[in-house]
Amino acid sequence: MAETGTRTAPIFLVGCQRSGTTMVRLVLDSHSRISCGPETRFLPDLRRIVGRDWERLARFGFPREDWLRRIRDFFGGVHADYAAARGKARWADKTPLYAMSLDFVTEVFPDAQIVHLIRDGRDVVVSHRKRFGYWSAVKCVVKWPRYIRAARAIGATLPADRYYELRYEQAVSEPEKTMRALFEFLGEPWEDGILDYDSKQHDVAQKYTTEAERRRAAASVTEPIYGSRVGTYRRELDPFLRLLVWVFSGPTLRALGYR
């Protein structure tokens, strides 16, 4: 691994929505060397260039590797310029959706480090219901294991210094210990105060700030990282959702050690 504080490889933070990726994004963005800006979401759209549109675009005469380089220069350039404008040396992208296309992500960025955030799928279902409604929770029992399987399948093909699994439950119960291990994986030095991300400036939507404040008030806490939402499924999953989780998410839950 590169010497601490000298890595420049891009970082991609992925995971099923409502798994705590925004929290980890803000921790990363609080580091003096790392810029983790708003979600991009459009990288998979560029896959068409070397995918379903390739037969037509190949007629330009440029090899596939050249198109991948152009995608890398464009996408990476946006992040690099944003990071440089903020005085940061390295960029990260937090887009949960990229868990479903990590094969393309790692093809475009062969040196990228992938951070896969995993949360108990039952709590993820609860969070989907609260944030997006009941039908979203129903669909989540299938979506959550699909995201987990897709990201882990690519992770299994990467070396240990390129793919890292971070459990939400550990992150909120032992924040400093867990985040120190994350930054060690990233090859970045630990910085005091990095967990106090609320005291720093981030480019986040107002709806996030409002939601975060509401959740902290409901949990009667002031710290930005807290664990009161762990295990909410025990009291907030109705019998129908419990049945769906058992049928569709059960194997993945057990494979991850959730009981």
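L243 sits in helix α12. Helices here are DSSP runs of H or I with at least four residues, strands are runs of E with at least two, and both are numbered from the N terminus. L243 is partly exposed because its relative accessibility is 48%. The cut-offs are under 20% relative accessible area for buried, over 50% for exposed, and partly exposed in between (1.4 Å probe, protein chains only).

The model is predicted: local features need pLDDT of at least 70, side-chain atom pairs count only at pLDDT 80 or more, and totals for chains, interfaces and linings use all residues. Residues are numbered from 1 along each chain as its sequence is written, and side-chain values use heavy atoms, with hydrogens and water left out.

**Surface patch**

L243 joins V142, W246, V247 and F248 in a nonpolar surface patch of about 520 Å². Helix α12 (residues 239-255) gives the largest share, four residues. Patch members have over 30% relative accessible area and no salt bridge; nonpolar side chains (Val, Leu, Ile, Met, Phe, Trp, Tyr) are joined within 5 Å, like charges within 9 Å. A salt bridge is a side-chain nitrogen of Lys or Arg within 4 Å of a carboxyl oxygen of Asp or Glu. Areas come from the Shrake-Rupley method with a 1.4 Å probe, and for residues only the protein chains shown count as cover.

**Two bent helices**

α12 also has buried residues: L241, L244, V245, S249, G250, T252 and L253. An α-helix has 3.6 residues a turn, so residues three or four places apart point the same way.

| Helix | Residues | End-to-end C-alpha span | Expected span |
|---|---|---|---|
| α7 | 22 residues | 31 Å | 32 Å |
| α12 | 17 residues | 23 Å | 24 Å |

The expected span is 1.5 Å times one less than the number of residues. α7 bends by about 45° at C140. α12 bends by about 70° at S249, and a proline, P251, follows within four residues. The bend is the angle between axes fitted to the seven residues ending at a residue and the seven starting there.

**T95 and the overall fold**

T95 lies in the loop between β3 (90-94) and α5 (102-108). T95 counts as buried because its relative accessibility is 0%. T95 and V14 are 81 residues apart in sequence, yet their C-alpha atoms are 5.8 Å apart.

The protein has 12 helices and five strands. Buried residues make up 51% of its 259 residues. The C-alpha trace spans about 60 × 45 × 35 Å along its principal axes. The radius of gyration is 19 Å, which agrees with the value near 18 Å for a compact globule of 259 residues. That radius is taken over C-alpha atoms, and the globule rule is 2.2 Å times the number of residues to the power 0.38.
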